[in-house]
Amino acid sequence: MRVLPDIGAEVPIQVRAPSALDLFMFSASSWLLHRIHYDTPFTVEHDGHPALLIHGPLQGVYLVQSAESWLGDRARMSSISYRHLAPAYLGDELECGGRVIATDASGLELELWARKSDGTITTTGKARFERR
């Protein structure tokens, strides 16, 4: 049986800094076609944001990737939910991490988060991983 981390164990932080091309590619591949993710003049001049916005679902992907890279082949994700709390913009570095909040015989539950370098939490979530 593969050993899973105990309650309180921390997911190692992964830093993500998506480029404008990353935002465009994510928009295209996920059909999230709002211009605030790839059209800088529209985003700044029309909508009044300081820069392109990093997609909420892309931040969700970063949360999953952080957990999966830490757990490796010991467990597989069975569910995730996440919520966006603050915007993140092109040029922001996102630190993605979390911790184990529950364990049982079949797996574990993680609390996950993404935060900007100024400490602002942009996204929080919970994910369930089942033991392999």
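Select helix α3 and everything around it: the elements that cover its buried residues include β1, α1, β2, β3, β4 and β5. Contact here means heavy atoms within 4.5 Å, and buried means under 20% relative accessible area, with exposed over 50% and partly exposed in between (1.4 Å probe, protein chains only). Helices (H or I, at least four residues) and strands (E, at least two) are DSSP runs, numbered from the N terminus.

The model is predicted: local features need pLDDT of at least 70 and side-chain atom pairs count only at pLDDT 80 or more, while totals for chains, interfaces and linings use all residues. Residues are numbered from 1 along each chain as its sequence is written, and side-chain values use heavy atoms, with hydrogens and water left out.

**Stop 1: helix α3**

Stay on α3, residues 56-71. Its buried residues are Gly-56, Leu-58, Gln-59, Gly-60, Tyr-62, Leu-63, Val-64, Ser-66, Ala-67, Trp-70 and Leu-71. Set a distance between the end C-alpha atoms: they are 23 Å apart, which agrees with the 22 Å that 16 residues should span at 1.5 Å a residue. The expected span is 1.5 Å times one less than the number of residues in the helix. Move on to Gly-72, just after α3, where phi is positive at about 60 degrees.

**Stop 2: the sheet**

Now select the strands. They form an open sheet of 5 strands in the order β1-β3-β4-β5-β2, with antiparallel pairing. β1 and β2 (75-84) are at the edges with a single partner strand each, so one side of each has no neighbour in the sheet. From one strand to the next the twist averages 20 degrees. Axes for such angles are lines fitted to C-alpha atoms, for helices over the stretch in contact, and angles run from 0 to 180 degrees between N-to-C directions.

Two strands count as paired if DSSP finds at least two bridges between them. Select β1 (residues 10-16) with β3 (residues 94-104): they pair in the antiparallel sense over 5 bridges. Within this pair, Arg-16 stands opposite Leu-94, and Gln-14 has Cys-96 as its bridge partner.

Add β4 (residues 107-116), which runs antiparallel to β3 and is joined to it by 10 bridges. Cys-96 stands opposite Ala-114 of β4. To see the connection, follow the chain from β3 to β4: a hairpin joins them through 2 residues.

**Stop 3: the nonpolar cores**

Which residues of the largest nonpolar core touch the most other members? Select Leu-71, Leu-108, Leu-110, Leu-112 and Phe-129, out of 23 residues in that core. The elements giving two or more residues to this core are α1, α3, β3, β4 and β5 (121-131). α3 gives the most, with 6 residues. A nonpolar core is a set of buried Ala, Val, Leu, Ile, Met, Phe, Trp, Tyr and Cys residues joined through side-chain atoms within 4.5 Å.

Centre on Leu-110. Leaving aside neighbours within four places in sequence, Leu-110 has contacts that include Val-11, Ala-67, Trp-70, Leu-71, Val-100, Ile-101, Ala-127 and Phe-129. Then select Ile-36, Ala-51, Leu-53 and Tyr-89, which are among the 5 residues of a second, separate core.

**Stop 4: salt bridges**

The structure holds 6 salt bridges, each a side-chain nitrogen of Lys or Arg within 4 Å of a carboxyl oxygen of Asp or Glu. Three are shown here:

- Asp-92 and Lys-116 meet at 3.9 Å, N to O. Asp-92 is in the loop between β2 and β3 and Lys-116 is in β4, so the pair ties together parts 24 residues apart in sequence. Lys-116 is buried, at 13% relative accessibility.
- Glu-111 and Arg-99 have their closest N and O atoms 3.1 Å apart. Glu-111 is in strand β4 and Arg-99 in strand β3, 12 residues apart. Glu-111 is partly exposed at 29%, and Arg-99 is partly exposed at 34%.
- Asp-104 and Arg-128 have their closest N and O atoms 2.9 Å apart. Asp-104 is in strand β3 and Arg-128 in strand β5, 24 residues apart. Asp-104 is partly exposed at 39%, whereas Arg-128 is buried at 16%. Add Glu-130 to the selection: salt bridges that share partners join Asp-104, Arg-128 and Glu-130 into one network.

**Stop 5: Trp-31**

Finish at Trp-31, in the loop between α1 (20-30) and α2 (40-46). Is Trp-31 buried or exposed? Trp-31 counts as exposed, at 68% relative accessibility. Its phi is near 60 degrees, a positive value in a residue other than glycine. Most residues other than glycine have a negative phi.
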